[in-house]
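Trainee: I should like to understand how the terms used for a protein structure are justified. May I ask about them one at a time?
Mentor: Please do, once the structure is in view.

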Amino acid sequence: MSAVKVKLEFHTISARLRELKLPEVDVVVGIARGGIVPATMVAHQLGLPLVLLRLNYRDDDNKPRRAAPELLEPFLLDPALKRVLLVDDVCVSGATFNKAKGLLLGATITTLAFKGKADFVLFPEVKECVEWPWRVG
């Protein structure tokens with residue numbers, strides 16, 4: 001028997017994003033893979049550049065697949081981009097955000113998760129697993 005999931009639609013997510021008061025930032029950094037669509041939505045709404053940081057820690061069932069988050073490809077951020085909004089779909093333990101912060105030394109970092117733990121959480125009331133509209137299968 002699979003766990004009950006909360007279904008969130010794009011219009012619900014977009015409406016919540018429009019209500020969110022974020023600090024001024026220079027760039028949106030999305031944690032790939034789960035944070036690609038959320039970060040794209042945020043960057044589009046803010047009219048900011050998007051950079052993807054390819055880290056992996058958990059599998060599609062949100063279970064750790066590695067001992068710690070792992071950088072999957074080299075990552076460099078333009079040093080002129082000092083204020084970073086780091087975005088992921090879900091933050092459970094904070095390990096992936098912490099790994100990403102270690103790669104963004106010298107930047108002022110604000111974290112945004114659509115669910116879980118972060119400086120800003122789009123759906124703090126949702127504790128169950130989420131069926132995101134961009135996930136197929």
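Trainee: Why is C129 called partly exposed?
Mentor: This is a predicted model, and the relative accessibility computed for C129 is 40%. Buried requires under 20% and exposed requires over 50%. The value for C129 meets neither condition, so C129 counts as partly exposed.

Trainee: What makes C91 count as buried?
Mentor: The relative accessibility of C91 is 7%. That value satisfies the limit of under 20%, and therefore C91 counts as buried.

Trainee: How do you know how many disulfides the structure holds?
Mentor: A search of the whole structure finds zero disulfides. A disulfide needs two cysteine sulfur atoms within 2.5 Å. For the sulfur of C91, the closest cysteine sulfur is in C129, at 15 Å, which is too far for a bond. The case of C129 leads back to C91, since the closest cysteine sulfur to that of C129 is the one in C91, again at 15 Å.

Trainee: What makes the pair of W132 and W134 stacked?
Mentor: The ring centres of W132 and W134 are 5.1 Å apart, and their planes stand at 10°. A pair needs centres within 6.5 Å, and stacked needs planes under 30 degrees apart. Both conditions are met, so the pair is stacked.

Trainee: Are W132 and W134 buried or exposed?
Mentor: W132 has a relative accessibility of 4% and counts as buried. W134 has a relative accessible area of 17%, and is likewise buried. The limit in each case is under 20%.

Trainee: Which residues do ring pairs link into a cluster?
Mentor: The cluster consists of F10, F114, W132 and W134. The structure holds four aromatic pairs.

Trainee: Which residues touch the most other members of the largest nonpolar core?
Mentor: That core has 20 residues, and those with the most contacts to other members are I13, L17, V28, V42, L85, F114 and W132. Two or more residues come from each of helix 1 (10-19), helix 2 (36-46), strand 5 (83-91) and strand 6 (108-116). Helix 2 gives the largest share, four residues. A second, separate core has 14 residues, among them I31, L55, F75 and V84.

Trainee: With which residues is W132 in contact, leaving aside its neighbours within four places in sequence?
Mentor: W132 is in contact with L8, I13, D89, V90, F114 and K115.

Trainee: Why are strand 4 and strand 7 said to stand at the edges?
Mentor: The open sheet has six strands in the order 4-3-2-5-6-7, with mixed pairing. Strand 4 (70-71) and strand 7 (120-121) each have a single partner strand, so one side of each is left without a neighbour in the sheet.

Trainee: How do you know that strand 2 and strand 5 pair?
Mentor: Pairing requires at least two bridges. Strand 2 (residues 27-32) and strand 5 have four bridges, in the parallel sense. V29 has L86 of strand 5 as its bridge partner, and G30 has V87.

Trainee: What makes strand 5 and strand 6 a pair?
Mentor: Eight bridges join strand 5 and strand 6 in the parallel sense, where at least two are required. One of the bridge partners in strand 6 is K115, which is matched with V90.

Trainee: Why is strand 5 described as mostly covered?
Mentor: Eight of the nine residues of strand 5 are buried. L86 lies in this strand. Its relative accessible area is 0%, which is under 20%, so L86 is buried.

Trainee: Which residues are in contact with L86, leaving aside its neighbours within four places in sequence?
Mentor: The contacts of L86 include V29, I31, F97, A100, L104, I109 and T111. The C-alpha atoms of L86 and T111 are separated by 4.7 Å, although the two residues are 25 residues apart along the chain.

Trainee: Which strands does helix 2 touch when it packs on the sheet?
Mentor: Helix 2 touches strand 2, strand 3 (50-56), strand 5 and strand 6, and its direction makes about 170° with that of strand 2. In helix 2, P38, A39, M41, V42 and A43 are buried. The buried residues of helix 2 also pack against helix 1. Just after helix 2, G47 takes a positive phi of about 65°.

Definitions and conventions. Residues numbered from 1 in each chain as written. Predicted model: local features only at pLDDT ≥ 70, side-chain atom pairs only at ≥ 80, totals over all residues. Heavy atoms only, no water. Core = buried A, V, L, I, M, F, W, Y, C linked by side-chain atoms within 4.5 Å. Buried < 20%, exposed > 50% of the residue type's maximum accessible area, 1.4 Å probe, protein only. Contact = heavy atoms within 4.5 Å. Axes fitted to C-alpha atoms, helices over the stretch in contact; angles between N-to-C directions. Phe/Tyr/Trp six-rings, centres within 6.5 Å; stacked < 30°, edge-to-face > 60°.
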